[in-house]
Amino acid sequence: APWATFFVVGWIARFEKNAAGAALVLAYTVIEALLLAWLFEWRLPGSTAWSFFAVGTLVAGVYNLLVCDWIAEKLA
């Protein structure tokens with residue numbers, strides 16, 4: 001998501017507010033968590049499914065944070 005909307009990352013970076021960047025990363029992560037839940041067909045039947053969902057969401061959040069930071073550095 002950050003690569004497809006790199007212009008949004010650059011626009012948010014110009015605000016120079018941590019809250020704006022955190023909101024953007026959170027929005028990307030929520031969108032990707034919803035996509036992952038859709039891939040699980042909106043059900044997480046057991047602890048293994050919940051574990052995969054939690055780890056996938058965590059990895060997506062960290063990835064979004066690192067990519068948004070890198071894009072903001074390059075565009076600023």
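**Note on the cores and a buried asparagine**

1. Once neighbours within four places in sequence are left aside, Ala72 is in contact with Val9 and Ala13. This comes from a predicted model, and the points below should be read with that in mind.

2. Ala72 and Val9 both belong to the largest nonpolar core, which has nine residues in all. Its other members are Ile12, Leu24, Val25, Tyr28, Val67, Cys68 and Ile71. At least two residues of this core are supplied by each of three helices, namely H1 (6–13), H2 (18–39) and H3 (47–75), and the largest share, four residues, comes from H3.

3. Apart from this, there is a second, separate core of six residues, and among them are Ala33, Leu36, Ala37 and Leu44.

4. Helix H3 is also the place of Asn64, a residue that deserves a separate look. Asn64 has a relative accessible area of 0%, and because the cut-off for a buried residue is under 20%, Asn64 counts as buried.

5. Which side chains does the side chain of Asn64 meet in polar contacts? One such contact, of 3.3 Å, joins the side chain of Asn64 to that of Thr29, while another, of 2.9 Å, joins the side chain of Asn64 to that of Glu32.

6. With neighbours within four places in sequence again left aside, the residues in contact with Asn64 are Pro2, Val25, Tyr28, Thr29 and Glu32. Val25 and Tyr28, which appear in that list, are also members of the largest nonpolar core, whereas Thr29 and Glu32 are the partners in the polar contacts described above.

Technical notes: Residues are numbered from 1 along each chain as its sequence is written. This is a predicted model: local features need pLDDT of at least 70, side-chain atom pairs count only at pLDDT 80 or more; totals for chains, interfaces and linings use all residues. Side-chain values use heavy atoms; hydrogens and water are left out. A nonpolar core is a set of buried Ala, Val, Leu, Ile, Met, Phe, Trp, Tyr and Cys residues joined through side-chain atoms within 4.5 Å. Buried means under 20% relative accessible area, exposed over 50%, partly exposed in between (1.4 Å probe, protein chains only). Contact means heavy atoms within 4.5 Å. A polar contact is a pair of N or O atoms within 3.5 Å; within protein, one must be able to donate a hydrogen and the other to accept it, and residues adjacent in sequence count only if both atoms are side-chain atoms.
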